[in-house]
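Hi there,

Here is the structure I promised to pass on to you. Have a look at it first, and then read on for what turned up.

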Amino acid sequence: MRQSRPFSKKPSAALCALPLLIASGCIGVSQPKPDASAPSTAALSSCPGGLVPAADGLVDDFEDGDNQGTLEAGRDGYWYTAHDSLGSEFTIPAQGFQSSEGGADGSTMSVHIKGKTGSGGDQAWGIELGLNFKNSQGEMYDAGKYAALFFKAKSGSKEADRKVRVSLADVNTHPNGAVCTACYNHFNSNIELTSDWKDYTLAFEDLRQRPYWGAPRPARVTAAKLVNLNFQMGGGKDFDVWVDDIKFLECKK
């Protein structure tokens, strides 16, 4: 299922010129934790027993080979890919969405997305791999009982850019919520891939909007009203991203 992704606004060129941001091609203008692969101490304080996989938390392990997420807990959305028209292009997949052979921890399948993002200014927002959380009735998804998102990921090339922005779009950041006046500044965390499969746990409490733009700007993601999950690559660079075993985590009782 292909879904276009228009872009409302990005940080100004002046912000992108700051030394700290040059290395990330302005995709890293949020303020990530030193280690974005694990929850912060503050986030874990609300789960004193720690985080565990929810019994109904599997989002997708891609083993069925189709383009629909796992049918669990009312989720029935589809995966999509989208890119800007300013030079961003896929090598894999050629179009749309497809799972790929080879997965984490010896599993059979995962998702592999490879290509190059454009460098045509502020509107070259890059390439997005996403899962629509809105159900077949058009309702936003209630993930309020969960506390974090878990997945495995890696880079398939030593030469490729390893920075990925992982975002949850909610009622306040996506136009479908009919709330935002400056949309698409989703709650996100910036991760850096390694050459081997690595576990990433992104606590909802740690996700932040990028600074200086977007309206409204609530303190945290509204997990009870999610629109989609997306992995975004940008900055005019080659990328080679593999993702597997996506699931929601909950506080251990």
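Tyr-212 sits in the loop that runs between β10 and β11. This is a predicted model, so please read everything below in that light. The backbone at Tyr-212 caught my eye: phi is positive, at about 80 degrees, although the residue is not a glycine. Its side of the story is an outward one, as Tyr-212 has a relative accessible area of 65% and is exposed.

The loop between β10 and β11 also holds Pro-216. The peptide bond that joins Ala-215 to Pro-216 is cis, with omega at about 5 degrees.

Phe-204 is found in that loop too, between β10 (198–203) and β11 (226–233). Is Phe-204 buried or exposed? With a relative accessibility of 6%, Phe-204 counts as buried, because the cut-off for that class is under 20%. Its contacts beyond four places in sequence are Ala-143, Tyr-146, Ala-147, Ala-148, Leu-149, Leu-168, Val-221, Ala-223 and Phe-248. Ala-147 deserves a second look: 57 residues separate it from Phe-204 in sequence, yet the two C-alpha atoms are 5.8 Å apart in space.

Two other places have backbone features of these kinds. A cis peptide bond joins Ile-92 and Pro-93, where omega is about -10 degrees. Pro-93 belongs to the loop between β3 (89–92) and β4 (99–101). Ala-178, in the loop between β8 and β9 (187–192), has a positive phi near 55 degrees without being a glycine. Ala-178 counts as exposed, at 71% relative accessibility.

Now for the serines. Ser-155 is part of strand β7, which covers residues 148–155. Ser-155 is buried, and its relative accessible area is 3%. Which residues does Ser-155 touch, leaving aside those up to four places away in sequence? They are Ala-160, Arg-162, Leu-193, Thr-194, Ser-195 and Asp-240. There is a polar partner as well: a polar atom of the Ser-155 side chain lies 3.0 Å from the backbone oxygen of Ser-157.

Ser-40 is in the loop between α2 (19–22) and α3 (41–44). Its relative accessible area is 16%, so Ser-40 falls under the 20% limit and is buried. The side chain of Ser-40 makes a polar contact of 2.6 Å with the side chain of Asp-206.

Lys-158 lies in the loop between β7 and β8 (163–170). At 72% relative accessibility, Lys-158 is classed as exposed. From Lys-158 to Phe-239 is a step of 81 residues in sequence, and their C-alpha atoms are 9.8 Å apart.

Last, the cavities. How many cavities of 30 Å³ or more does the structure hold? There are 3. The second largest has a volume of about 40 Å³. Its lining is made up of Val-59, Gly-69, Thr-70, Arg-75, Asp-76, Gly-77, Leu-131, Asn-132 and Phe-133. Sorted by class, that lining has 3 nonpolar, 4 polar and 2 charged residues.

When you open the model, you might begin with the loop between β10 and β11, where you will find Tyr-212 and Pro-216.

Best wishes

Terms used
Residues are numbered from 1 along each chain as its sequence is written. This is a predicted model: local features need pLDDT of at least 70, side-chain atom pairs count only at pLDDT 80 or more; totals for chains, interfaces and linings use all residues. Side-chain values use heavy atoms; hydrogens and water are left out. Helices (H or I, at least four residues) and strands (E, at least two) are DSSP runs, numbered from the N terminus. Buried means under 20% relative accessible area, exposed over 50%, partly exposed in between (1.4 Å probe, protein chains only). A polar contact is a pair of N or O atoms within 3.5 Å; within protein, one must be able to donate a hydrogen and the other to accept it, and residues adjacent in sequence count only if both atoms are side-chain atoms. Contact means heavy atoms within 4.5 Å. On a 1 Å grid over the protein atoms alone, a cavity is a set of points where a 1.4 Å probe fits but cannot get out, and a pocket is an open set with protein on both sides within 12 Å along at least five of seven lines; lining residues have an atom within 4 Å of a point. Grid points are joined across faces, edges and corners, and a volume is the space filled by probe spheres set on the points. Ala, Val, Leu, Ile, Met, Phe, Trp, Tyr, Cys and Pro count as nonpolar, Asp, Glu, Lys and Arg as charged, and the others, Gly among them, as polar.
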